[in-house]
Amino acid sequence: MTFVRLGYVAMSLKVPNSSPSQTMTIKNFSKIENENAAILKLERITRSNLHNTLRILRHNAAHDIQFYRMTSRLVPLATFEGLPDWDYMAAIVDSLEEIGKFVAEKEMRVDFHPDHFVLINSPKNEVLKMTVKTLILHKRLLEGMNIDPKHRCVLHIGGVYGDRVLALERFIQNWMLIPTSIQNMIILENDDKSFHFEDTLYLCEKLGIPLVFDYHHHLAHHENKHWEAQWDRIVNTWSPSPLPVKMHISSPKNEKQFRAHSDFVDVEMFMDFLNEIKGSVDQIDCMIEAKRKDEALFKLMKDLKQYDHIEINDGASFYIK
DNA sequence: GGTCGTCAAGGGGTG
DNA sequence: CACCCCTTGACGACC
């Protein structure tokens with residue numbers, strides 16, 4: 001028997017006007033003549049993003065959803081080079097604490113997936129520098145919420161740069177340049193066109209990083225179709241982690257745009273996965289990456305009811321026998 | 001009130 | 001090297 005919790009990404013389609021990713025671009029920032037006023041606007045937007053994050057978490061709690069990926073755009077321009085000194089933490093400590101308190105009280109799992117320009121295996125020094133800077137921002141936000149940053153940030157391996165094997169080795173080289181406290185935050189996901197799960201497993205086992213298995217990505221890009229033969233190794237990468245094994249589930253938009261995400265998760269595709277792994281772990285957290293966000297989660301829970309060996313626990317978790 | 005181009009940031013592919 | 005594509009959501013200019 002395996003206990004499964006579902007989560008979703010960044011925004012709710014059920015809570016009205018609750019965007020946690022409102023933003024301000026550097027162009028707009030520069031348009032405001034009074035720099036103080038511009039900073040105040042930035043702070044207002046940031047606090048609104050945090051407030052909406054809390055509203056979404058309350059909505060999650062009301063529907064027994066314990067798993068949620070926060071947006072990485074909570075603090076616009078936080079890592080932008082050349083912005084006048086802005087102590088963004090000072091303006092948001094209270095909001096962060098409030099979120100953290102709620103998360104702890106409801107025993108939720110929250111994490112981040114920094115954007116695609118956060119990558120560790122880049123040959124460009126500047127890119128690596130920005131990567132570390134952005135990860136430090138994530139660490140501060142988590143610490144502000146009193147959440148242990150360990151294994152809270154999902155990343156991809158990065159680019160191929162013409163030589164996949166070399167690119168993997170460069171990941172290892174660059175990894176050694178990253179502060180341990182930042183390394184500890186990271187978990188790695190197989191992607192849909194460059195690095196399949198065996199590449200990812202190679203790095204994860206070598207460097208002691210948990211592997212987030214993305215089933216959709218695997219179907220889109222693999223050398224060896226049979227992931228299930230290696231599943232125990234994937235599970236093993238989580239043994240040093242305080243958190244349960246985590247995976248990503250989404251469905252192709254259509255045959256032609258296979259890599260694009262569909263509105264909802266195909267329940268049969270999800271069951272194919274679950275039937276392979278049931279019993280192999282006590283618990284697994286599944287992050288739904290569908291266009292319809294929490295609506296897709298609710299629909300999936302509904303679709304799961306038809307299976308006899310699924311026992312619904314509450315609104316967003318179940319047992320599979 | 002709806003539509004569409006733009007946005008700080010990377011990488012891949014094409015010609 | 002130049003250019004466009006991917007991808008995500010939000011914003012804001014414009015009609």
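1. Strands, in this note, are DSSP runs of E with at least two residues, numbered from the N terminus. The model under discussion is a predicted one, and with that in mind one may begin at strand β10, which covers residues 317-320 and includes Ser-317. Ser-317 is buried, its relative accessible area being 3%, and its side chain makes a polar contact of 3.0 Å with the side chain of Asp-314. Once neighbours within four places in sequence are set aside, the residues in contact with Ser-317 are Phe-3, Val-4, Arg-5, Met-301 and Ile-312.

2. A second strand that deserves attention is β7, made of residues 245-249, where Lys-246 is found. Is Lys-246 buried or exposed? With a relative accessibility of 1%, Lys-246 counts as buried, because the cut-off for that word is a relative accessible area under 20%. The side chain of Lys-246 makes a polar contact with the side chain of Asp-111, at 2.7 Å. Residues up to four places away in sequence not being counted, Lys-246 also touches a long list of others, among them Phe-67, Arg-109, Val-154, Ile-187, Trp-238, Asp-285 and Met-287.

3. The largest nonpolar core holds 100 residues, and the members that touch the most others within it are Leu-6, Trp-231, Phe-270, Phe-273 and Ile-284. For Trp-231, the contacts beyond four places in sequence are with Phe-213, Val-245, Phe-273, Ile-277, Ser-280 and Ile-284, and two of these partners, Phe-273 and Ile-284, were named above with Trp-231 in the core.

4. Helix α7, residues 197-207, has as its buried residues Phe-197, Asp-199, Thr-200, Leu-201, Leu-203, Cys-204 and Leu-207. These buried residues pack against several elements, namely the helices α5 (164-175), α8 (215-220) and α9 (231-236) and the strands β5 (186-189) and β6 (211-214). Just after α7 comes Gly-208, which takes a positive phi of about 70°.

5. How many disulfides does the structure hold? The number is 0. Cys-204 is in no disulfide, and the nearest cysteine sulfur, which belongs to Cys-153, is 15 Å away. For Cys-286, the closest cysteine sulfur is that of Cys-204, at 17 Å, and so a bond is ruled out by distance, because a disulfide needs the two sulfur atoms within 2.5 Å. Both residues are buried, Cys-204 with a relative accessible area of 2% and Cys-286 with one of 0%.

6. Helix α4, residues 125-144, is where Leu-137 has its place. Leu-137 is buried, with a relative accessible area of 6%. Although Leu-137 and Tyr-88 are 49 residues apart in sequence, their C-alpha atoms are 9.9 Å apart in space, and Tyr-88 is one of the residues in contact with Leu-137, together with Val-75, Ala-78 and Thr-79, when neighbours within four places in sequence are left aside.

7. Thr-79 leads on to DNA strand B, since an N or O atom in the side chain of Thr-79 is 3.5 Å from a base nitrogen of that strand. In total, 14 residues surround DNA strand B, and the closest of them are Ile-26, Lys-27, Phe-117, Val-160 and Tyr-161. Sugar and phosphate make up 57% of the atoms of DNA strand B that come within 4 Å of the protein. Phosphate oxygens of this strand are approached by a polar backbone atom of Val-160 at 2.5 Å, and by a polar side-chain atom of Tyr-161 at 2.3 Å. Sorted by class, the surface near DNA strand B has 7 nonpolar, 5 polar and 2 charged residues.

8. What surrounds DNA strand C? The residues are Met-11, Ser-19, Ser-21, Gln-22, Thr-23, Asn-28, Lys-31, Arg-73, Lys-291 and Lys-293, and by class the surface near this strand has 1 nonpolar, 5 polar and 4 charged residues. Of the atoms of DNA strand C within 4 Å of the protein, 94% are in sugar or phosphate, and the rest are in bases. A polar side-chain atom of Lys-291 lies 2.9 Å from a phosphate oxygen of DNA strand C, and a polar side-chain atom of Lys-293 lies 3.0 Å from a phosphate oxygen of that strand. A contact with a base is also found, in that an N or O atom of the Arg-73 side chain is 3.0 Å from a base oxygen of DNA strand C.

Methods: Residues are numbered from 1 along each chain as its sequence is written. Chains are lettered from A and ligands numbered from 1 in the order in which they are written. This is a predicted model: local features need pLDDT of at least 70, side-chain atom pairs count only at pLDDT 80 or more; totals for chains, interfaces and linings use all residues. Side-chain values use heavy atoms; hydrogens and water are left out. Buried means under 20% relative accessible area, exposed over 50%, partly exposed in between (1.4 Å probe, protein chains only). A residue is near a molecule or strand if one of its heavy atoms lies within 4 Å of it. A polar contact is a pair of N or O atoms within 3.5 Å; within protein, one must be able to donate a hydrogen and the other to accept it, and residues adjacent in sequence count only if both atoms are side-chain atoms. Ala, Val, Leu, Ile, Met, Phe, Trp, Tyr, Cys and Pro count as nonpolar, Asp, Glu, Lys and Arg as charged, and the others, Gly among them, as polar. A nonpolar core is a set of buried Ala, Val, Leu, Ile, Met, Phe, Trp, Tyr and Cys residues joined through side-chain atoms within 4.5 Å. Contact means heavy atoms within 4.5 Å. Helices (H or I, at least four residues) and strands (E, at least two) are DSSP runs, numbered from the N terminus.
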